[in-house]
Amino acid sequence: MIDWSGYLGLILQGALVTIELTLMGSVLALVMAFVAGMGRISRFFIVRALATTYIEFFRGTSIFVQLFWAYFVLPFAGLELTPLQAGVLALGLNVSAYAAEVVRGAILSIGREQYEACTALNLGRWQGMRHVILPQALLVMLPTFGNNAIELLKATSVVSLISLADLTFQAQVVRSQTGSTLMPFVSVLVIYFVFALIISWGVRSLERRRARGLDGVRV
């Protein structure tokens, strides 16, 4: 009879790596999403062109190819990354390209009267954006940001291809050692689902807090 306690420990170790990838990848994706999203609405053509190129490139190429480039090709350019660093880089940049359009769309969805009110209050472009437009746009962004975070969580499974011991990699190890497919992959399925629920709950809680504080932002 198989003693599953040790194998469950392996899967939980993989869960910690998946959490690490998701958190760091989400931070990178969030930062790059705002950079690229704001770039798309810049008054300067070169900034818009660069932001558009970034978004279309990372949306239009496979996450598998991006991961392999980060881990296997960048060392030829003198930039050698660990599997974890390559995973975070590929996941963060890929998801940020989708999230950047969320940022752009949310900002453009804010009514013209809010921009006019900023002008009437003699707020500069960036003052108005920071204190009036972005706080309102963030509430629009949050639901889709939650979806993006869950997509990033699920995409972490690709790092098993570069031998990073995430959930999927450890499930494959347990399967190869025990000959059982049901136990490891049911465990992984449940863990991914629980992680996704936690992300959803966190985003909904943040939405409620932002909505309560939004009345003091509108002008």
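Here are some notes on the charged and aromatic contacts in this predicted model.

1. Salt bridges first. There are four of them in the structure. One joins the side chains of Arg40 and Glu101, with an N to O distance of 3.2 Å. That pair ties together distant parts of the chain: Arg40 belongs to helix 1 (residues 4-40) and Glu101 to helix 4 (residues 83-109), with their positions 61 residues apart in sequence. If you want one contact to look up on screen, I'd pick this link between helix 1 and helix 4.

2. Glu101 has a second partner. Arg104 also forms a salt bridge with Glu101, and here the closest N and O atoms are 3.1 Å apart. This one stays inside helix 4: Arg104 and Glu101 are three residues apart, so about one helical turn separates them.

3. How covered are these residues? Glu101 counts as buried because its relative accessibility is 18%, and the cut-off for buried is under 20%. Arg40, at 23%, counts as partly exposed. Arg104 is partly exposed too, with a relative accessible area of 23%. So the acid falls on the buried side of the cut-off at 18%, while Arg40 and Arg104 each sit at 23% and count as partly exposed.

4. Another salt bridge is found in helix 6. The side chains of Glu151 and Lys154 meet there, 3.3 Å from N to O. Both residues lie in helix 6 (residues 125-155), and a spacing of three residues puts them about one turn of the helix apart. Glu151 is partly exposed, with a relative accessible area of 45%, and Lys154 is partly exposed as well, at 45% relative accessibility. Back at Glu101, salt bridges with shared partners join Arg40, Glu101 and Arg104 into one network.

5. Also in helix 6 is Asn147. Its relative accessible area is 47%, so it counts as partly exposed. Asn147 and Phe169 are 22 residues apart along the chain, and their C-alpha atoms are separated by 24 Å.

6. For a longer span, take Arg104, the helix 4 residue from the network. Arg104 and Arg175 are 71 residues apart in sequence, and the distance between them in space is 44 Å, C-alpha to C-alpha.

7. Now the aromatics. How many aromatic pairs does a search of the whole structure find? Five. In one of them, the rings of Phe68 and Phe72 have centres 5.2 Å apart and planes at 45°, so the pair is tilted. The two residues are four apart in helix 3 (residues 63-73), so they are separated by about one helical turn. Phe68 is partly exposed, with a relative accessible area of 34%; Phe72 is partly exposed as well, at 40%.

8. Phe72 also pairs with Tyr71. That contact is edge-to-face, 4.9 Å centre to centre with 75° between the planes. Tyr71 counts as partly exposed at 23% relative accessibility. Phe72 therefore takes part in a tilted pair with Phe68 and an edge-to-face pair with Tyr71.

9. There is an aromatic cluster to look at as well. Ring pairs link Tyr54, Phe57 and Phe58.

10. Last, a charged patch. Which residues make up the patch of positive charge on the surface? Arg204, Arg208, Arg209 and Arg212 gather there. Arg212 lies in helix 8 (residues 182-213). Its relative accessibility is 62%, so Arg212 counts as exposed, the cut-off for exposed being over 50%. Compare that with Arg104, which is partly exposed at 23% and bridges to Glu101.

Conventions: Residues numbered from 1 in each chain as written. Predicted model: local features only at pLDDT ≥ 70, side-chain atom pairs only at ≥ 80, totals over all residues. Heavy atoms only, no water. Patch = residues over 30% accessible without salt bridge, like charges linked within 9 Å, V, L, I, M, F, W, Y side chains within 5 Å. Areas by Shrake-Rupley, 256 points an atom, 1.4 Å probe, with all protein chains shown as cover. Salt bridge = Lys/Arg side-chain N within 4 Å of Asp/Glu carboxyl O. Lys, Arg positive; Asp, Glu negative; His and termini not counted. Charge placed at Lys NZ, Arg CZ, Asp CG, Glu CD. Buried < 20%, exposed > 50% of the residue type's maximum accessible area, 1.4 Å probe, protein only. Phe/Tyr/Trp six-rings, centres within 6.5 Å; stacked < 30°, edge-to-face > 60°.
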